[in-house]
Amino acid sequence: MNLASRCALAVAAGALGLLAIVLPPLMDPGSRRYDAPLFPLVRAGVEGFGLLSALLLFVAGAIVGAARPPRAWLWGMATLFPLPVIALAEVMVDPTSHNLLPIECAFYLVLAVPAAVGAQLMARWRAGRQS
(Lines give C-alpha, C1' and ligand atoms only; values in the text may rest on other atoms or scores of the structure.)
Protein backbone atom coordinates (compact mmCIF):
# COMPACT_ATOMS: atom_id res chain seq x y z
CA MET A 1 0.00 0.00 0.00
CA ASN A 2 1.66 3.23 -1.13
CA LEU A 3 1.51 6.60 0.61
CA ALA A 4 -1.32 7.98 -1.52
CA SER A 5 -3.46 4.93 -0.79
CA ARG A 6 -2.77 5.17 2.93
CA CYS A 7 -3.67 8.88 2.97
CA ALA A 8 -6.89 8.25 1.06
CA LEU A 9 -7.79 5.40 3.42
CA ALA A 10 -7.06 7.59 6.46
CA VAL A 11 -9.33 10.36 5.16
CA ALA A 12 -12.06 7.84 4.32
CA ALA A 13 -11.76 6.16 7.72
CA GLY A 14 -12.02 9.47 9.55
CA ALA A 15 -14.98 10.62 7.47
CA LEU A 16 -16.83 7.33 7.99
CA GLY A 17 -16.18 7.38 11.71
CA LEU A 18 -17.35 10.96 12.06
CA LEU A 19 -20.44 10.12 10.05
CA ALA A 20 -21.16 7.15 12.33
CA ILE A 21 -21.03 9.45 15.36
CA VAL A 22 -23.05 12.31 13.87
CA LEU A 23 -25.78 10.38 12.03
CA PRO A 24 -27.75 9.07 15.05
CA PRO A 25 -28.44 12.54 16.53
CA LEU A 26 -29.27 13.83 13.05
CA MET A 27 -31.76 11.02 12.49
CA ASP A 28 -33.47 11.63 15.84
CA PRO A 29 -34.82 15.19 15.92
CA GLY A 30 -35.83 14.74 19.56
CA SER A 31 -32.30 13.95 20.73
CA ARG A 32 -30.70 16.27 23.22
CA ARG A 33 -28.48 19.02 21.84
CA TYR A 34 -25.42 19.99 23.83
CA ASP A 35 -23.49 23.21 24.02
CA ALA A 36 -20.00 23.04 22.54
CA PRO A 37 -17.53 25.71 21.40
CA LEU A 38 -17.25 24.46 17.79
CA PHE A 39 -19.02 21.18 17.09
CA PRO A 40 -22.23 20.69 19.10
CA LEU A 41 -23.44 17.91 16.79
CA VAL A 42 -20.29 15.87 17.41
CA ARG A 43 -20.74 16.33 21.13
CA ALA A 44 -24.37 15.23 20.86
CA GLY A 45 -23.19 12.10 19.04
CA VAL A 46 -20.53 11.27 21.62
CA GLU A 47 -22.76 12.01 24.60
CA GLY A 48 -25.62 10.01 23.09
CA PHE A 49 -23.48 7.10 21.90
CA GLY A 50 -25.61 3.99 21.71
CA LEU A 51 -26.22 0.76 19.85
CA LEU A 52 -26.88 2.50 16.52
CA SER A 53 -23.59 4.39 16.75
CA ALA A 54 -21.73 1.17 17.58
CA LEU A 55 -23.35 -0.61 14.66
CA LEU A 56 -22.48 2.25 12.30
CA LEU A 57 -18.89 2.20 13.57
CA PHE A 58 -18.75 -1.56 12.96
CA VAL A 59 -19.94 -0.96 9.38
CA ALA A 60 -17.44 1.89 8.93
CA GLY A 61 -14.67 -0.40 10.14
CA ALA A 62 -15.81 -3.15 7.77
CA ILE A 63 -15.71 -0.71 4.85
CA VAL A 64 -12.18 0.32 5.80
CA GLY A 65 -11.19 -3.32 6.30
CA ALA A 66 -12.47 -4.18 2.82
CA ALA A 67 -9.42 -2.37 1.45
CA ARG A 68 -7.38 -5.10 3.18
CA PRO A 69 -4.83 -2.77 4.72
CA PRO A 70 -2.02 -4.20 6.84
CA ARG A 71 -3.08 -4.19 10.52
CA ALA A 72 -6.74 -3.68 9.63
CA TRP A 73 -7.76 -3.37 13.29
CA LEU A 74 -5.55 -0.28 13.58
CA TRP A 75 -7.21 1.26 10.55
CA GLY A 76 -10.54 0.53 12.20
CA MET A 77 -9.39 2.46 15.25
CA ALA A 78 -8.51 5.33 12.90
CA THR A 79 -12.20 5.86 12.22
CA LEU A 80 -12.44 7.90 15.42
CA PHE A 81 -9.19 9.80 14.97
CA PRO A 82 -11.10 13.02 14.16
CA LEU A 83 -12.60 13.13 17.67
CA PRO A 84 -9.37 13.96 19.57
CA VAL A 85 -8.51 16.48 16.83
CA ILE A 86 -11.93 18.10 17.27
CA ALA A 87 -11.45 18.12 21.05
CA LEU A 88 -8.08 19.86 20.65
CA ALA A 89 -9.64 22.45 18.35
CA GLU A 90 -12.35 23.10 20.93
CA VAL A 91 -9.72 23.45 23.67
CA MET A 92 -7.99 26.10 21.58
CA VAL A 93 -11.24 28.06 21.35
CA ASP A 94 -12.37 27.48 24.94
CA PRO A 95 -9.70 26.10 27.32
CA THR A 96 -12.35 25.09 29.87
CA SER A 97 -14.34 22.91 27.46
CA HIS A 98 -12.37 19.66 27.83
CA ASN A 99 -10.93 19.53 31.34
CA LEU A 100 -10.23 15.79 31.25
CA LEU A 101 -8.80 15.52 27.74
CA PRO A 102 -6.51 12.49 28.36
CA ILE A 103 -9.40 10.49 29.82
CA GLU A 104 -11.60 11.63 26.96
CA CYS A 105 -9.03 10.35 24.42
CA ALA A 106 -8.90 7.00 26.23
CA PHE A 107 -12.70 6.90 26.04
CA TYR A 108 -12.47 7.45 22.27
CA LEU A 109 -10.21 4.39 22.03
CA VAL A 110 -12.87 2.32 23.76
CA LEU A 111 -15.56 3.71 21.45
CA ALA A 112 -13.47 2.67 18.43
CA VAL A 113 -13.47 -1.03 19.37
CA PRO A 114 -16.53 -1.89 17.19
CA ALA A 115 -14.81 -0.31 14.18
CA ALA A 116 -11.59 -2.21 14.87
CA VAL A 117 -13.50 -5.49 15.13
CA GLY A 118 -15.40 -4.75 11.91
CA ALA A 119 -12.20 -3.88 10.03
CA GLN A 120 -10.36 -6.99 11.22
CA LEU A 121 -13.27 -9.32 10.45
CA MET A 122 -13.72 -7.89 6.96
CA ALA A 123 -9.99 -8.03 6.19
CA ARG A 124 -9.81 -11.67 7.30
CA TRP A 125 -12.95 -12.55 5.38
CA ARG A 126 -11.58 -10.95 2.21
CA ALA A 127 -8.20 -12.63 2.67
CA GLY A 128 -9.92 -15.99 3.08
CA ARG A 129 -11.91 -15.50 -0.12
CA GLN A 130 -8.76 -14.60 -2.07
CA SER A 131 -6.97 -17.84 -1.09
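Is Ser 53 buried or exposed? In this predicted model, Ser 53 is buried, as its relative accessible area is 1%, and a residue counts as buried under 20%. Ser 53 belongs to helix 3, which covers residues 51-65. Leaving aside residues up to four places away in sequence, Ser 53 touches Ala 20 and Pro 24. Both of these partners are listed among the buried residues of helix 1.

Helix 1 runs over residues 3-27. At 1.5 Å a residue, its 25 residues should span 36 Å, and the end C-alpha atoms are 36 Å apart, so the expected and computed values agree. Helix 1 nevertheless has a kink of about 30° at Ile 21, shortly before the proline Pro 24. Ile 21 and Pro 24 are buried, and other buried residues of helix 1 include Leu 9, Ala 13, Gly 17 and Val 22. The cover over the buried residues of helix 1 includes helix 2 (40-47), helix 3, helix 4 (72-77) and helix 5.

Two packed helices are described by the angle between their axes and by the distance between those axes. For helix 1 and helix 5 (residues 82-93), the angle is about 75° and the axes are 9 Å apart. Angles of 65 to 115 degrees count as roughly perpendicular, and the two helices are therefore roughly perpendicular to each other. In this contact, Gly 14, Leu 18 and Ile 21 of helix 1 meet Pro 82, Leu 83 and Ile 86 of helix 5. Five of the contact residues are nonpolar, one is polar and none is charged. Ile 21 thus appears both at the kink and in the contact with helix 5.

Definitions and conventions:
Residues are numbered from 1 along each chain as its sequence is written. This is a predicted model: local features need pLDDT of at least 70, side-chain atom pairs count only at pLDDT 80 or more; totals for chains, interfaces and linings use all residues. Side-chain values use heavy atoms; hydrogens and water are left out. Axes are lines fitted to C-alpha atoms, for helices over the stretch in contact, and angles run from 0 to 180 degrees between N-to-C directions. Helices (H or I, at least four residues) and strands (E, at least two) are DSSP runs, numbered from the N terminus. Angles under 35 degrees count as roughly parallel, over 145 as roughly antiparallel, 65 to 115 as roughly perpendicular and the rest as oblique. Contact means heavy atoms within 4.5 Å. Ala, Val, Leu, Ile, Met, Phe, Trp, Tyr, Cys and Pro count as nonpolar, Asp, Glu, Lys and Arg as charged, and the others, Gly among them, as polar. Buried means under 20% relative accessible area, exposed over 50%, partly exposed in between (1.4 Å probe, protein chains only). The expected span of a helix is 1.5 Å times one less than its number of residues. The bend at a residue is the angle between axes fitted to the seven residues ending there and the seven starting there.
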